[in-house]
Amino acid sequence: MKISKEVRVGLFMVVSLVLLYLGFNYLKGIDFFSSRKKYYAVYDNVDQLMPSNQVFLSGVSVGRVSRIQIDQIKRRVVVEMEIDSYVRLGDSTVAILNGDFLGT
């Protein structure tokens with residue numbers, strides 16, 4: 001059975017777009033094959049924190065910042081973090097923002 005050129009080109013485009021999407025998200029730090037839990041932290045000032053910044057626990061990268069929202073009513077910033085599922089955090093865990101003189 002022969003496949004027409006139009007079908008081959010269409011299939012090639014679909015595969016290319018899927019690979020482009022997965023590659024772009026991989027470069028942003030999103031891993032599709034690992035399980036992560038979502039945690040939220042509330043701050044008054046996040047000082048140049050951005051989505052896809054890494055989250056560290058004792059110097060080891062354990063996740064990333066996935067979303068930042070502003071709470072208009074309380075005038076605070078809500079940060080959503082995706083942490084690897086093997087990391088166990090308790091109710092009394094405190095998330096501290098760290099920065100150096102270069103702003104990272």
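Arg76 is partly exposed, with a relative accessible area of 37% (partly exposed lies between buried, under 20% relative accessible area, and exposed, over 50%, with a 1.4 Å probe and protein chains only). The model is predicted, with local features requiring pLDDT of at least 70 and side-chain atom pairs pLDDT 80 or more, whereas totals for chains, interfaces and linings use all residues. Residues are numbered from 1 along each chain as its sequence is written, and side-chain values use heavy atoms, without hydrogens and water.

The side chain of Arg76 forms a salt bridge with that of Asp44 at 3.5 Å, N to O (a salt bridge is a side-chain nitrogen of Lys or Arg within 4 Å of a carboxyl oxygen of Asp or Glu). This pair joins distant parts of the chain, with Asp44 in the loop between β1 and β2 (54-57) and Arg76 in strand β4, 32 residues apart. Asp44 is exposed, at a relative accessible area of 60%.

In total, the structure contains three salt bridges. In another of them, Asp84 meets Arg36 at 3.3 Å, N to O. Here Asp84 belongs to strand β4 (residues 76-84) and Arg36 to strand β1 (residues 36-43), 48 residues apart. Asp84 is buried, with a relative accessible area of 12%, whereas Arg36 is partly exposed at 29%. A further salt bridge pairs Arg64 with Glu82 at 3.8 Å, N to O. Arg64 lies in strand β3 (residues 60-71) and Glu82 in strand β4, with their positions 18 residues apart in the numbering. Both Arg64 and Glu82 are buried.

The secondary structure of the protein chain consists of one helix and four strands, in the order α-β-β-β-β from the N terminus. Helices (H or I, at least four residues) and strands (E, at least two) are DSSP runs, numbered from the N terminus.

The radius of gyration of the protein chain is 20 Å, against near 13 Å for a compact globule of 104 residues (taken over C-alpha atoms; the globule rule is 2.2 Å times the number of residues to the power 0.38). The C-alpha trace spans about 65 × 30 × 30 Å along its principal axes. Of the 104 residues, 18% count as buried. The protein chain exposes about 9,000 Å², of which carbon and sulfur atoms supply 60% (Shrake-Rupley method, 1.4 Å probe; for residues, only the protein chains shown count as cover). Among contacts with a separation of 6 or more, 51% involve residues 24 or more positions apart (contact means heavy atoms within 4.5 Å).
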